[in-house]
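Hi everyone, and thanks for coming. I'd like to walk you through a structure that will be new to most of you, so let's bring it up on the screen.

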Amino acid sequence: MNAKVRDVMTPGPIGVDYYQSIGTAARTMRDWGVGAVLVVSDQALYGLVTDRDLVVRAVAESKGPDEPVGPLSSRDLVGVHADDDAAVAVALMREHAVGRLPVLEDGQVAGIVSVADLDPLAPPDEV
Amino acid sequence: MTGKVRDIMSAAPVCMAPTESVSAAAKAMQERGVGTVLVVSGGRLAGLVTDRDITVRVLAENRDPLTTRLGDIYTAELALLSPDDDVRYAARLVRERAVRRLPVVADGIPVGVVSVGDLALDSNSTVPDAIVLGRTVLNGIVPD
């Protein structure tokens, strides 16, 4: 399998504003069926927040659902190109111990690729 | 990808009673670095709760994590693995059941959890430096 990142990514990433609430971010993930949303501040990409982030950085810390989601973001993002082989995404996730990568195309974030998007049945050297 | 489930599972799973709060489970997930809590009642596996479940079934629904119990939100219909199962079987279950985490049970006792990340990342390879994009590349991009 020589799938490209674009073939396995979830296109059209969903964004929330830095000041939108944690509860709104959770409902956005639920309604769109995604596990991560981009966080936007001043019309620029600020970071990324996952369903897990909402749990371990908000619920576990007794932060309420009305607090802004922005501070929960991961900021040091590692990206991958849409034209890269899916194997590159696998390697990047392992190297950086992350489960999701923003996918870049033409200078924009074109999607998000998740560890769950990658084929667990493919032999490692051919993913 | 070869090997047995016991080789890739996360052992010593976090187990909690159905009467424990969602808040306590979130703290356990944070402290233990896991995304799954197995819900155990009377020594038997009753179900599981994932970090995703807490987001969708508690936060999104405006339920209070302090008063909502694991018994109120856990998933009871489970596909189970044995430590001796082949990793390929685990991968097939993940795909067919569209689940991301599977409990591993031996002699009726929960002994581990396999996550989709354990499967997809179960290999060794190196990353060329040139494809690593740091925050300097990503920051400042305006999403559509």
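**Two helices from two chains**

Let me start with a pair of helices: H2 of chain A and H3 of chain B are roughly perpendicular to each other, because their axes cross at an angle that falls between 65 and 115 degrees. The crossing angle is roughly 110°, and the two axes come within 9 Å. Which residues make this contact? On the H2(A) side they are A:Ile22, A:Gly23, A:Ala26, A:Arg27, A:Met29 and A:Arg30, and H3(B) brings B:Arg52, B:Thr55, B:Val56 and B:Leu59. By character, the residues of this contact divide into 5 nonpolar, 2 polar and 3 charged.

Before going on, please keep in mind that this is a predicted model. It scores ipTM 0.83 and pTM 0.82.

Now let's stay with H2 of chain A, which covers residues 22–32. Its buried residues are A:Ile22, A:Gly23, A:Ala25, A:Ala26, A:Thr28 and A:Met29. In general, an α-helix has 3.6 residues a turn, so residues three or four places apart point the same way. What do the buried residues of H2(A) pack against? Within chain A, they meet strands S2, S3 and S4 and helix H3, and from chain B they meet helix H3. After the helix comes A:Gly33, with a positive phi near 65°.

One residue of this helix deserves a closer look, and that is A:Arg30. Is A:Arg30 buried or partly exposed? Its relative accessibility is 30%, so A:Arg30 counts as partly exposed. Setting aside neighbours within four places in sequence, A:Arg30 touches B:Arg52, B:Val56, B:Ala60 and B:Glu61. As for distances, A:Arg30 and A:Ile14 sit 16 residues apart in sequence, and their C-alpha atoms are 12 Å apart in space.

For a contrast, look at A:Asp53 in helix H3 of chain A. This residue has 8% relative accessibility, which means that it counts as buried. Beyond its neighbours within four places in sequence, A:Asp53 is in contact with A:Leu48, A:Ala58, A:Leu72 and A:Ser74.

Over to chain B, where H2 also spans residues 22–32. Here the buried residues are B:Val22, B:Ser23, B:Ala25, B:Ala26, B:Ala28 and B:Met29. They pack against H3 of chain A, along with S2, S3, S4, H3 and H4 of chain B. Just past H2(B), B:Gly33 has a positive phi of about 65°.

Stepping back, how many helices and strands does chain B have? There are 7 helices and 6 strands, and along the sequence they run α-β-β-α-β-β-α-α-α-β-β-α-α. Chain B has 144 residues, of which 44% count as buried. If you take its contacts between residues at least 6 apart in sequence, 56% join residues at least 24 apart. The accessible surface of chain B is about 7,200 Å², with 47% belonging to carbon and sulfur atoms.

Finally, a word on confidence. Chain B has a mean pLDDT of 81, and 81% of its residues reach 70 or more. Among its elements, H4 has the highest mean, 97, and H7 the lowest, 28. Over residues 122–144 of chain B, pLDDT stays under 50, and the model has 54 contacts beyond four places in sequence for this stretch. Where pLDDT is low, the predicted coordinates should not be read in detail. Thanks for listening!

Definitions and conventions. Residues are numbered from 1 along each chain as its sequence is written. Chains are lettered from A and ligands numbered from 1 in the order in which they are written. This is a predicted model: local features need pLDDT of at least 70, side-chain atom pairs count only at pLDDT 80 or more; totals for chains, interfaces and linings use all residues. Side-chain values use heavy atoms; hydrogens and water are left out. Buried means under 20% relative accessible area, exposed over 50%, partly exposed in between (1.4 Å probe, protein chains only). Helices (H or I, at least four residues) and strands (E, at least two) are DSSP runs, numbered from the N terminus. Contact means heavy atoms within 4.5 Å. Axes are lines fitted to C-alpha atoms, for helices over the stretch in contact, and angles run from 0 to 180 degrees between N-to-C directions. Angles under 35 degrees count as roughly parallel, over 145 as roughly antiparallel, 65 to 115 as roughly perpendicular and the rest as oblique. Ala, Val, Leu, Ile, Met, Phe, Trp, Tyr, Cys and Pro count as nonpolar, Asp, Glu, Lys and Arg as charged, and the others, Gly among them, as polar. pLDDT is the predictor's confidence in each residue, from 0 to 100. Accessible areas come from the Shrake-Rupley method with a 1.4 Å probe; for residues, only the protein chains shown count as cover.
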